[in-house]
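Trainee: I would like to study this structure with you, starting from its surface. May we go through it by question and answer?

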Amino acid sequence: MKKYFLIAVAFLSLLTFNACSSDSPEVELPPKEEPEQPDTPVDPDNPSTTDNVVLAENTILLTDSIDKYVTNPVTGTTLNLETSIDETELPEVGQVLLYGNVSEKFPLGFLGKVKDVVKSSSGYEVITETVSLEEAFDKLYINETIALTSDEESQQNSRSTEFVFSPWHPQGYTGLECRWHTDFPIVPNIEGGWEVGSISGSLSGSVDGGLAMGANLLCLIDIDKQALKESYIKIAMGLRTSFGNKINLKGELTGEYTKELKKFELAKPFMLSLQGAAIHIILHPAIVLSAFMKYEGKMELDFSQYADYEWEAVYLYEHGIGGLSVNKKDDKDNKTTVNKFSVDGLIDMGLSADFSMAFFNNENVACNFKIAAGPSLAAKLSYDGTEENLYEKLKDNEISIAACKIAVNAGVQISIFKEDNIEVGVDDEELPSFEYEGFFGKKEYYLFPKFKEKNALWKSGNQILAEYGVSRDLLFPVQLGMRLMDKDKKTLKDDVDLFEYQYENESQTLLSTTFDNVNSKKDYYVCPIVELPLFGKVEASPVTKINAKQDTCHIDFTIEYPKYSDSYRMNGRDEASCEAALYPIYENENQRKGIVGTEAILYKDGKEVARSSYQWLGRNIISKLFKREELLIDYENYIARPKDGRWQVSMAFKKLDEYGDTITCVTDVVKDIDLKYDTKPAMIIYRCDIRGCDSHSMEDEHSFLIDMNCFVRGTFWCKTTIGNGSNEVTNGEVIVVRDDFSFGGSWGVNYTNYDVPNRLVMKYIDYSGRMVESNSVPIQTDVNGCVIDSHYEDDSELSQYESRWSFD
């Protein structure tokens with residue numbers, strides 16, 4: 001079957017809408033009991049003293065006394081020392097070596113724990129291994145924000161003429177701006193161009209992209225073993241991302257394009273200064289910026305989008321738990337302009353940054369952030385061209401447009417910071433990682449609004465009034481109106497006064513139409529209509545039936561209420577029935593003559609909700625089931641009434657006309673009704689046979705059978721059952737709970753001599769905490785604890801429930 005594709009074209013040349021923005025939710029850390037702190041709690045922004053570094057007892061500085069014997073620049077974990085060094089000056093196994101600066105011999109600084117010292121013909125090899133900051137320092141406090149800059153000559157630049165780069169330095173950030181123009185179809189993997197993965201399909205058109213990302217790095221480390229504080233680590237990537245794209249594409253394609261834009265190989269390491277100390281913490285960040293485009297599905301679109309956000313990705317280690325959060329700090333601007341939009345799939349594009357950082361000469365990465373950010377849109381707007389009801393097919397299909405889609409993966413090797421690596425079982429080559437995916441400025445749009453029926457009724461004479469509530473934000477403005485149809489749902493007339501609708505909070509939200517010159521003796525249907533440029537007028541839902549006006553008469557009636565009603569709690573139901581009986585009062589025999597049937601009618605706020613022809617002793621019984629949440633309940637007095645609405649009743653009378661056809665007339669008498677459920681709890685055991693049937697091999701285990709008949713009403717008030725169930729004995733009682741309409745049942749009971757039965761009873765606790773209990777049936781046992789056969793019968797209490805109604 002041929003597939004058609006939606007192309008929604010706006011009336012105006014440009015349609016501009018602002019996407020709503022909301023703070024991104026954080027990934028919360030799992031709850032953990034706070035450890036007892038002997039001193040003041042951790043306050044990372046306010047260290048307890050100005051002395052921010054204290055070396056551990058086992059840590060020694062690589063002073064000139066050892067430095068002068070180093071024979072080569074040290075970039076790894078091994079120091080080569082000359083033979084002239086005195087063996088007494090050699091470091092010992094287990095000592096921590098620290099060079100907290102940058103020099104010709106230590107271009108990366110140095111931090112390592114001596115694993116072995118090996119003598120060779122050329123001197124000594126001091127072999128070290130990774131050591132945590134917590135083991136190297138008794139106290140270490142760092143709180144510094146770093147601008148991530150590098151020497152221009154150290155950057156590997158793209159040689160493509162397709163991409164144009166320039167520095168981008170918004171306040172507080174350092175970064176890069178990139179602009180490009182790409183024509184489709186893209187030639188795969190040409191030098192300097194987009195790298196093309198697995199692609200199926202083809203697009204024609206072009207994309208003009210403008211992406212910028214600025215960043216800074218906050219490094220906060222608070223280690224204080226002297227104060228017995230827990231280590232606190234916070235590494236935050238502060239980001240400012242700006243995107244401006246103009247997309248004009250048509251076709252069908254599934255695939256992804258990527259392009260490495262810049263690789264920042266930092267010429268010099270960063271040195272974090274420690275207040276009051278002559279040493280530094282040496283960091284080695286590395287950053288790779290890439291662009292990406294991902295397409296999936298069919299599309300024909302012409303739109304532009306601009307978004308500018310300031311946000312941060314934060315790794316926090318506190319109280320022995322690590323976690324990741326992403327927080328929006330500010331949205332500078334956010335706008336989308338649509339000329340043509342039809343997508344059955346998704347489009348993502350933007351910038352990705354791969355940031356990693358190591359300490360000193362350590363080859364292991366201490367942390368990395370893999371960040372992808374950029375605008376995103378997704379929609380499913382295709383349909384089968386033979387579909388008759390276009391509205392039902394597409395009304396709930398969302399068009400999701402996000403100003404900025406965020407994906408962050410943060411990995412931190414906590415063992416580089418802490419002496420004891422609590423994150424055990426993790427491969428050393430793979431960092432323990434945390435993931436986040438979310439959206440800034442995401443909003444859902446639709447092609448069609450949603451309608452809710454408010455009124456559909458006869459006005460005076462030959463007029464029909466129809467009203468619908470309108471909701472949802474639409475991608476394009478539409479025209480709304482109403483349609484009148486006959487009993488076969490064939491169109492009779494359409495509303496001529498259409499009005500424009502697009503946004504729920506900016507447009508008229510009540511669709512109201514009056515149809516004139518309508519035959520009140522016929523049935524009709526009404527429904528909303530939506531007019532779009534491509535499809536014309538589309539019939540929407542709900543479709544509402546308006547019954548023909550019935551002949552009226554004047555016959556009075558009385559209202560009577562039952563002595564008890566029913567409730568339903570079986571199979572997950574929790575409902576109560578509110579009932580009444582209507583009895584017609586005829587003025588004379590001529591008024592009664594010819595009537596062949598009567599009906600009771602129930603109205604809520606003037607609208608018919610139930611009609612019943614069921615009769616009992618000349619009365620029409622009308623009933624309405626209500627769920628518990630629909631009732632206003634007085635549990636103390638066992639009364640429940642509907643929460644809202646004005647409830648009224650009337651009657652309809654059927655008679656034969658002169659041609660022998662049945663016609664219906666509704667009396668003009670309408671009365672308010674006290675619709676309620678006020679059945680008091682009632683449980684009566686009126687017959688019971690008990691038969692002992694010991695069959696257990698052990699002397700203290702017994703069983704017996706119960707065959708019981710009962711009458712039950714009012715279990716709507718039951719909140720809590722009691723005991724272990726009807727098959728066991730609880731403190732000498734066999735406790736049974738039955739629903740309304742239950743006539744009893746037969747079952748077996750097992751017990752031991754530790755809890756011998758003495759009576760059968762039905763009981764529960766109601767919503768007011770009161771015990772509701774039936775009469776009880778005695779159970780007799782012999783000296784061995786075995787049940788003695790017995791018969792019980794007493795139906796005297798049933799007389800008050802012989803009839804539900806007490807008609808005069």
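**Surface and core**

Mentor: On the surface of this predicted model, Glu793, Asp794, Asp795, Glu797 and Glu802 gather in a patch of negative charge. Such a patch joins like charges within 9 Å, from residues with over 30% relative accessible area and no salt bridge (a side-chain nitrogen of Lys or Arg within 4 Å of a carboxyl oxygen of Asp or Glu). Asp and Glu count as negative, and the place of a charge is CG of Asp or CD of Glu. Residues are numbered from 1 along each chain, and local features need pLDDT of at least 70, side-chain atom pairs 80 or more. Side-chain values use heavy atoms, without hydrogens and water.

Trainee: Is Glu797 buried, partly exposed or exposed?

Mentor: Buried means under 20% relative accessible area, exposed over 50%, and partly exposed in between (1.4 Å probe, protein chains only). Glu797 has a relative accessible area of 38%, so Glu797 is partly exposed.

Trainee: Which strand holds Trp616?

Mentor: Trp616 joins Tyr614 and Leu617 in a nonpolar patch on the surface, where nonpolar side chains are joined within 5 Å. Strands are DSSP runs of at least two residues, numbered from the N terminus. Trp616 is found in strand E40.

Trainee: Which strand gives the largest share of the largest nonpolar core?

Mentor: A nonpolar core is a set of buried Ala, Val, Leu, Ile, Met, Phe, Trp, Tyr and Cys residues joined through side-chain atoms within 4.5 Å. The largest has 122 residues. Its largest share, 17 residues, comes from strand E18.

Definitions and conventions:
Helix = DSSP H or I, 4+ residues; strand = E, 2+ residues; numbered from the N terminus. Areas by Shrake-Rupley, 256 points an atom, 1.4 Å probe, with all protein chains shown as cover.
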